[in-house]
Amino acid sequence: MLTEIQPTTQTLYDQDYYLWLKTTINQLRARQFLSVDLDNLLEELETMGRREKRTIESLLIKLLEHLLKLKCWDEEREPNEGHWKGEIRTFRRGIKKALKDSPSLKPYILEIFDECYQDARAEASDRSQLPIDIFPSIPIGSLEQILDENWFPEYNHNHHGKAD
């Protein structure tokens, strides 16, 4: 009987992912462990873990990018400040919720902080079309500050953040 069920669930995974998912959940609830398509289930669980990490990374880069624009993009600061602060709040909330759901990712966010900061500098430079050196190469705040909903970087009046 196992040989009949296993090919069926494998085919089901390839043909109708959602139905495969519902079937797998039902099999697990019914404790029909021998019927479960373990190979695909394990792959899905691994993918979920990678997706959680990518979500945190993406939110952190976007948060840092907007903080950098707020601090350094002179020409656009005034008309965009409200929008950027709203985006900053949204990204902080997303990170906070992701870390609440998966507290074990807290060390990961520290691990990727510097790399994400450099990625955010590049994004801010691309989006503003300003030279990357307008955006400080050393992080503008600690991770704790970056994630603090009430913290915003000091406005940097002493650089040349206008496009020529």
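**View 1. Arginine 89 on helix α4.** Arginine 89 sits in helix α4, which covers residues 74-101 (helices are DSSP runs of H or I with at least four residues, strands are E runs of at least two, and both are numbered from the N terminus). This is a predicted model, in which local features need pLDDT of at least 70, side-chain atom pairs count only at pLDDT 80 or more, and totals for chains, interfaces and linings use all residues. Residues are numbered from 1 along each chain as its sequence is written, and side-chain values use heavy atoms, with hydrogens and water left out. Arginine 89 has a relative accessible area of 42%, so it counts as partly exposed (buried is under 20%, exposed over 50%, partly exposed in between, with a 1.4 Å probe and protein chains only).

**View 2. A positive surface patch.** Arg89 joins Arg93, Lys97 and Lys100 here. Patch residues have over 30% relative accessible area and no salt bridge, with like charges joined within 9 Å and nonpolar side chains (Val, Leu, Ile, Met, Phe, Trp, Tyr) within 5 Å. A salt bridge would put a Lys or Arg side-chain nitrogen within 4 Å of a carboxyl oxygen of Asp or Glu.

**View 3. A nonpolar surface patch.** Tyr17, Tyr18, Leu21 and Ile25 together offer about 380 Å² of accessible area. Leucine 21 belongs to helix α2, residues 17-29, and is partly exposed at 30% relative accessibility.

**View 4. Two buried cysteines.** Cysteine 72 is buried, at 0% relative accessible area, and cysteine 116 is buried too, at 1%. How many disulfides does a search of the whole structure find? The count is 0 (a disulfide needs two cysteine sulfur atoms within 2.5 Å).

Conventions:
Areas by Shrake-Rupley, 256 points an atom, 1.4 Å probe, with all protein chains shown as cover. Lys, Arg positive; Asp, Glu negative; His and termini not counted. Charge placed at Lys NZ, Arg CZ, Asp CG, Glu CD.
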